Amino acid sequence: NVLKGSPVKPGKRIGPLFVSPDAQLSMYAPAGRKSRAEFMLTAAADEVSVLGVEPGTKQFVSRVEVIQPGRTYKIVVESVESENGGLYKDQLRVRTDNPTLPAFNVPVYLRVYPKE
């Protein structure tokens, strides 16, 4: 007998939220181009509002999209164009209205491949 797929959803629980597909973002871009990634935040039991998200550096721009207020949010992250190859690291700070989890960080990595 073959079972069909795993019922386990990829992601990680952080306090009252479930972050998917992962609790960190890895992005890739050739020099002079942007990259984009996103992750979902889902409230497990009680409603949790995501109030905002801020990148720690000027290498990234982020925004919150409300899918279902108090339950589901999409965080969209875009890199700015860089002509310099290398690895860029950042920590996105996600703010919520939940007293047990007022804020948490999501690591973001960007690999820019140099022009050849």
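Reader: Which residue stands opposite Glu 65 in β7?

Author: Lys 74 is the residue opposite Glu 65, and a strand such as β7 is a DSSP run of E with at least two residues, numbered from the N terminus. This is a predicted model, in which local features need pLDDT of at least 70 and side-chain atom pairs count only at pLDDT 80 or more, whereas totals for chains, interfaces and linings use all residues. Residues are numbered from 1 along each chain as its sequence is written, and side-chain values use heavy atoms, with hydrogens and water left out.

Reader: What makes β6 and β7 a pair?

Author: Two strands pair if DSSP finds at least two bridges between them; 8 bridges join β6 to β7, so the criterion is met, and the two strands run antiparallel. They belong to an open sheet of 5 strands with the order β1-β2-β4-β7-β6 and antiparallel pairing.

Reader: Why are β1 and β6 called edge strands?

Author: β1 (12-14) and β6 (60-68) each pair on one side only, where pairing again rests on the DSSP bridges.

Reader: How do you know that β8 and β9 pair?

Author: They share 11 bridges in the antiparallel sense, which meets the bridge criterion for pairing; Gln 91, for instance, has Pro 107 in β9 as its bridge partner. Both strands lie in an open sheet of 4 strands, ordered β3-β9-β8-β5, whose pairing is mixed. The edge strands there are β3 and β5, each pairing on one side only.

Reader: Why is Ser 26 called neither buried nor exposed?

Author: Buried means under 20% relative accessible area and exposed over 50%, with partly exposed in between (1.4 Å probe, protein chains only); Ser 26 has 41%, so it is partly exposed. Ser 26 lies in strand β3 (residues 25-30), and its C-alpha is 6.0 Å from that of Leu 110, although the two are 84 residues apart in sequence.

Reader: What makes a group of residues a nonpolar core, and which members touch the most others in the largest one?

Author: A nonpolar core is a set of buried Ala, Val, Leu, Ile, Met, Phe, Trp, Tyr and Cys residues joined through side-chain atoms within 4.5 Å. The largest has 27 residues, of which Phe 39, Leu 41, Val 77 and Phe 104 touch the most other members. The largest share of this core, 6 residues, comes from β9.

Reader: Which residues is Val 77 in contact with, neighbours within four places in sequence aside?

Author: Contact means heavy atoms within 4.5 Å, and the partners of Val 77 include Leu 25, Met 27, Phe 39, Phe 60 and Leu 92.
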